[in-house]
Amino acid sequence: MKLIVDSVISNEYPDTFSIGDLLRYMNVEPVPWLVISVNDIFYKTKQFDSTYLHDGDVVELVYIRGGG
């Protein structure tokens, strides 16, 4: 399966792959301030393991930061 993750195209993902699987593969810790965008739809931490990716999906890792 081909995915575009943070603007990088890759063909190395299995056909059945969740957001959680992707984060584990990338060694990214699913911290509460991490939100994942898949084709411009945002998913929170509790949805990572139940949301499956599809060929051609565009995935962006978004870290929510506070500030003034």
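**A friendly tour of a predicted model**

Of the 68 residues of the protein, 37% count as buried. The model is a predicted one, and the questions below walk through its fold, core and charged pairs.

Q: In what order do the elements of the protein run from the N terminus on?
A: Let's start with the parts list: the protein has 1 helix and 5 strands. Reading from the N terminus on, these elements run β-β-α-β-β-β.

Q: What radius of gyration does the protein have, and how does this fit a compact globule of 68 residues?
A: The C-alpha atoms fill a box of roughly 40 × 20 × 20 Å along the principal axes. A compact globule with 68 residues would have a radius of gyration near 11 Å. The protein agrees with that value, at 12 Å.

Q: Among contacts between residues at least 6 apart in sequence, what share joins residues at least 24 apart?
A: Here the count takes in contacts between residues at least 6 apart in sequence, where a contact means heavy atoms within 4.5 Å. Of these contacts in the protein, the share that joins residues at least 24 apart is 52%.

Q: Which elements each supply at least two residues of the largest nonpolar core?
A: The largest nonpolar core has 18 residues, and those touching the most other members are Ile19, Leu23, Leu34, Ile36, Leu53, Val59 and Leu61. The elements that each supply at least two residues of this core are β1 (3-5), α1 (19-25), β3 (34-38) and β5.

Q: Which residues does leucine 34 touch, not counting those up to four places away in sequence?
A: Leucine 34 is one of the core residues that touch the most other members. Leaving out residues up to four places away in sequence, leucine 34 touches Leu23, Val28, Glu29, Thr45, Phe48, Leu61, Val62 and Tyr63.

Q: Which residue forms a salt bridge with aspartate 21?
A: Side chains of opposite charge can pair when their charged atoms come close. Aspartate 21 has a partner 3 residues away, about one turn of the helix, and both lie in helix α1. The closest N and O atoms of this salt bridge are 2.9 Å apart, and the partner is arginine 24.

Q: How many residues apart in sequence are the parts that aspartate 49 and arginine 24 tie together?
A: The side chains of aspartate 49 and arginine 24 meet in a salt bridge, at 3.0 Å from N to O. Aspartate 49 lies in the loop between β4 and β5 while arginine 24 is in helix α1, so the pair ties together parts whose separation in sequence is 25 residues.

Q: Which residues are joined into one network by salt bridges that share partners?
A: The structure holds 2 salt bridges. One pairs aspartate 21 with arginine 24, and another pairs aspartate 49 with arginine 24. Through shared partners, the network joins Asp21, Arg24 and Asp49.

Q: Is aspartate 49 buried, partly exposed or exposed?
A: Buried means under 20% relative accessible area and exposed means over 50%, with partly exposed in between. Aspartate 49 has 46% relative accessibility, so this residue counts as partly exposed.

Q: Is glycine 67 buried or exposed?
A: Glycine 67 sits in the segment after β5 (58-63). The cut-off for exposed is over 50% relative accessible area. With a relative accessible area of 81%, glycine 67 is therefore exposed.

Q: Which residues form a nonpolar patch on the surface?
A: The accessible surface of the protein comes to about 4,600 Å², with 53% of this belonging to carbon and sulfur atoms. One patch member, isoleucine 64, is found in the segment after β5. Together the patch residues have about 320 Å² of accessible area, and they are Trp33, Tyr63 and Ile64.

How values were computed
Residues are numbered from 1 along each chain as its sequence is written. This is a predicted model: local features need pLDDT of at least 70, side-chain atom pairs count only at pLDDT 80 or more; totals for chains, interfaces and linings use all residues. Side-chain values use heavy atoms; hydrogens and water are left out. Helices (H or I, at least four residues) and strands (E, at least two) are DSSP runs, numbered from the N terminus. Buried means under 20% relative accessible area, exposed over 50%, partly exposed in between (1.4 Å probe, protein chains only). Patches are made of residues with over 30% relative accessible area and no salt bridge: like charges are joined within 9 Å, nonpolar side chains (Val, Leu, Ile, Met, Phe, Trp, Tyr) within 5 Å. Accessible areas come from the Shrake-Rupley method with a 1.4 Å probe; for residues, only the protein chains shown count as cover. A salt bridge is a side-chain nitrogen of Lys or Arg within 4 Å of a carboxyl oxygen of Asp or Glu. A nonpolar core is a set of buried Ala, Val, Leu, Ile, Met, Phe, Trp, Tyr and Cys residues joined through side-chain atoms within 4.5 Å. The radius of gyration is taken over C-alpha atoms; the globule rule is 2.2 Å times the number of residues to the power 0.38.
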